[in-house]
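This briefing sets out selected features of the structure shown below. It is arranged by topic, from the sheet to the helices and then to two individual residues.

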Amino acid sequence: MNSCCVIGLGYIGLPTALLAAKAGYQVSGVDTNNDVVESINQTKCIFEESGLQELLVEVKKTGNFTAHLKPIESDIYIIAVPTPIHKNTNGMPTPNIEIVFKAIDSILDIINEDSLIIIESTSPVGTSAKISKYIYLKNNFKLEK
């Protein structure tokens with residue numbers, strides 16, 4: 001495994017993508033915001049965090065990192081998209097995982113049964129199991145027990 005696709009280039013996704021690129025992975029960062037993708041590809045950080053601009057410059061020089069609007073086929077997928085909090089029917093604050101499922105939908109055509117998918121986004125207990133079942137059913141993978 002030497003390629004990684006990080007979906008969501010915000011406060012968690014961008015630093016994660018850059019650290020993976022620094023570690024030697026070929027990283028494709030993905031964001032739905034064209035301005036974010038263009039800025040990053042022009043080696044301009046989209047927010048301030050100590051050392052992040054320097055890290056972006058460093059990994060861009062190695063060629064290990066590029067930003068895109070759509071996911072690129074990879075060995076590893078890291079989902080780092082927002083999960084805004086809303087109140088459920090009981091009035092309890094709950095993360096909205098719709099954006100996570102949109103990110104999963106964006107990789108369904110390029111993943112295989114050996115793909116490693118990491119959900120970094122905040123999510124309630126049971127989300128990984130739901131996503132796993134969703135992927136297996138959508139792609140007709142054999143569901144392991």
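Helices and strands here are DSSP runs, a helix having at least four residues (H or I) and a strand at least two (E), and they are numbered from the N terminus. By that numbering, N140 lies in the segment that follows α5 (127-139). The model is a predicted one. Its open sheet is made of 5 strands, paired in parallel, and the helices treated below are chiefly α1 and α3, whose axes come within 10 Å.

**Sheet order and pairing**

- The strand order across the open sheet is β3-β2-β1-β4-β7.
- The edges are formed by β3 (65-68) and β7, each of which pairs on one side only.
- From one strand to the next, the twist averages 20°.
- Strands β1 and β2 (residues 26-30) are parallel and share 5 bridges; within this pairing, C4 stands opposite V27 of β2.
- Strand β1 (residues 3-7) is also joined to β4, again in parallel, by 4 bridges. The bridge partner of V6 in β4 is I78.
- On the way to the edge, β4 runs parallel to β7 (residues 116-119) and is joined to that strand by 4 bridges. I79 has I119 as its bridge partner in β7.

**Side chains of strand β4**

- In a regular strand, side chains alternate between the two faces of the sheet.
- Strand β4 (residues 76-79) has I76 and I78 pointing one way, while Y77 and I79 point the other way.
- Are these four residues buried or exposed? I76, Y77, I78 and I79 are all buried.

**Helix α3 and its surroundings**

- The buried residues of α3 (residues 52-62) include L52, L55, L56 and V59.
- Viewed down the axis of α3, the buried residues fall within an arc of 100°, and they therefore line one face of the helix.
- An α-helix has 3.6 residues a turn, so residues three or four places apart point the same way.
- E54 and K61, on the other side of α3, are exposed.
- The elements covering the buried residues of α3 include α1 (13-22), α2 (34-41) and β3.
- After α3 comes G63, which has a positive phi, near 80°.

**Packing of α1 against α3**

- The axes of the two helices, α1 and α3, cross at roughly 45°.
- Angles between 35 and 65 degrees fall outside the parallel and perpendicular ranges, and α1 and α3 are therefore oblique to each other.
- The crossing of α1 past α3 is left-handed.
- From α1, the contact is made by L14, P15, L18, L19, A21 and K22; from α3, by L52, L55, L56, E58 and V59.

**Two individual residues**

- I118 belongs to strand β7 and has a relative accessibility of 35%.
- Why does I118 count as partly exposed? Buried means under 20% and exposed over 50%, and the 35% of I118 therefore places this residue in between.
- Apart from neighbours within four places in sequence, I118 is in contact with I76, Y77, I78 and I79.
- I118 and C45 are separated by 73 residues in sequence and by 24 Å in space, C-alpha to C-alpha.
- N140, with a relative accessible area of 70%, is exposed, since the threshold for that class is over 50%.
- Between N140 and T32 there are 27 Å in space, C-alpha to C-alpha, and the two are 108 residues apart in sequence.

Conventions:
Residues are numbered from 1 along each chain as its sequence is written. Side-chain values use heavy atoms; hydrogens and water are left out. Buried means under 20% relative accessible area, exposed over 50%, partly exposed in between (1.4 Å probe, protein chains only). Two strands pair if DSSP finds at least two bridges between them. Axes are lines fitted to C-alpha atoms, for helices over the stretch in contact, and angles run from 0 to 180 degrees between N-to-C directions. The arc is that of the directions from the helix axis to the C-beta atoms. Contact means heavy atoms within 4.5 Å. Angles under 35 degrees count as roughly parallel, over 145 as roughly antiparallel, 65 to 115 as roughly perpendicular and the rest as oblique. A crossing is left-handed if the near helix is turned anticlockwise from the far one by less than a right angle, and right-handed if clockwise.
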